[in-house]
Amino acid sequence: MEELDRVVHQWCDDNDRWMYIEYDRDGKVMGLNFMQGDEYECFKKDWCVSDKGLTAFYKQMLYTFAYEQKNVPEHCFINSCMWAYHSAISEYEHNDCKIGNAKKCCKAISGR
């Protein structure tokens, strides 16, 4: 079982976001979250808890994009995962993609 070793609050100026990163004793990411914008007090109050969906997505991307992960700085790869996760969720919600609307959602996402 993963055991929390440290938590990092990292500001990413290029992406205008605060990142919340939990690391285990081996230095592996075990939890993630983020907040757009620079309001650090708001970030500390409301966003410093691991988002299970984002974390699971990130862990899957470690295997799906192993080459990319090994060839960019860690925070860049994490940010790419955050953007992809957020974009997919936003598209899903924008197109009212609920269970049973798979055809509509596939068309909306693929543009066909």
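**Exercise 1. Work out which residues line the largest pocket, and which elements supply them.**

Step 1. Start with the lining: Asn33, Phe34, Met35, Gln36, Trp47, Asp51, Leu54, Tyr85, His86, Ile89 and Ser90 surround the largest pocket. A pocket here is an open set of points on a 1 Å grid over the protein atoms alone, where a 1.4 Å probe fits, with protein on both sides within 12 Å along at least five of seven lines; lining residues have an atom within 4 Å of a point.

Step 2. Put a size on the pocket: its volume is about 150 Å³. That volume is the space filled by probe spheres set on the points, with grid points joined across faces, edges and corners.

Step 3. Sort the lining by element. S3 and H4 each supply at least two residues. Helices (H or I, at least four residues) and strands (E, at least two) are DSSP runs, numbered from the N terminus.

A word on the source: this is a predicted model, where local features need pLDDT of at least 70 and side-chain atom pairs count only at pLDDT 80 or more, while totals for chains, interfaces and linings use all residues. Residues are numbered from 1 along each chain as its sequence is written, and side-chain values use heavy atoms, with hydrogens and water left out.

**Exercise 2. Lay out the order of the elements along the chain.**

Step 1. Count them: there are five helices and three strands.

Step 2. Read from the N terminus, and the pattern is β-β-β-α-α-α-α-α.

Step 3. Check how much is tucked away. Of the 112 residues in the chain, 29% are buried; buried means under 20% relative accessible area, exposed over 50%, and partly exposed in between (1.4 Å probe, protein chains only).

Step 4. Look at the long-range contacts, where contact means heavy atoms within 4.5 Å. Among contacts with a separation of 6 or more, 35% join residues 24 or more positions apart.

**Exercise 3. Find the hubs of the largest nonpolar core and the elements behind them.**

Step 1. Pin down the term: a nonpolar core is a set of buried Ala, Val, Leu, Ile, Met, Phe, Trp, Tyr and Cys residues joined through side-chain atoms within 4.5 Å.

Step 2. Pick out the hubs. The largest core has 14 residues, and the ones touching the most other members are Ile21, Val29, Leu32, Leu54, Tyr58, Ile78 and Met82.

Step 3. Assign elements. Two or more residues come from each of strand S2 (17–24), strand S3 (29–36), helix H2 (52–64) and helix H4 (74–94). H4 gives the most, with five residues.

Step 4. Zoom in on leucine 32. This residue sits in strand S3 and counts as buried because its relative accessibility is 0%. Beyond four places in sequence, leucine 32 touches Tyr20, Ile21, Val49, Ser50, Asp51, Leu54, Thr55, Tyr58, Ile78 and Met82.

Step 5. Turn to one of those partners, threonine 55. Threonine 55 lies in helix H2, is buried at 6% relative accessibility, and touches Met30, Gly31, Leu32 and Ser50, again leaving out residues up to four places away.

**Exercise 4. Describe helix H4 and what its buried residues pack against.**

Step 1. Take the length: H4 has 21 residues and reaches 30 Å from its first C-alpha to its last, close to the 30 Å expected. The expected span is 1.5 Å times one less than the number of residues.

Step 2. List the buried residues, namely Phe77, Ile78, Asn79, Cys81, Met82 and Tyr85. An α-helix has 3.6 residues a turn, so residues three or four places apart point the same way.

Step 3. Name the partners: these buried residues pack against strand S1 (4–12), S2, S3, H2 and helix H3 (66–70).

Step 4. Follow one contact out. Methionine 19, in strand S2, is buried at 0% relative accessible area, and its contacts include His75, Ile78, Asn79 and Met82.

**Exercise 5. Decide how many disulfides there are, and see how cysteine 76 fits in.**

Step 1. Apply the cut-off: a disulfide is a pair of cysteine sulfur atoms within 2.5 Å. The count comes to zero.

Step 2. Check cysteine 76, which is in no disulfide; its nearest cysteine sulfur belongs to cysteine 12, 7.2 Å away.

Step 3. Add the exposure: cysteine 76 is partly exposed at 31% relative accessibility, whereas cysteine 81 is buried at 4%.
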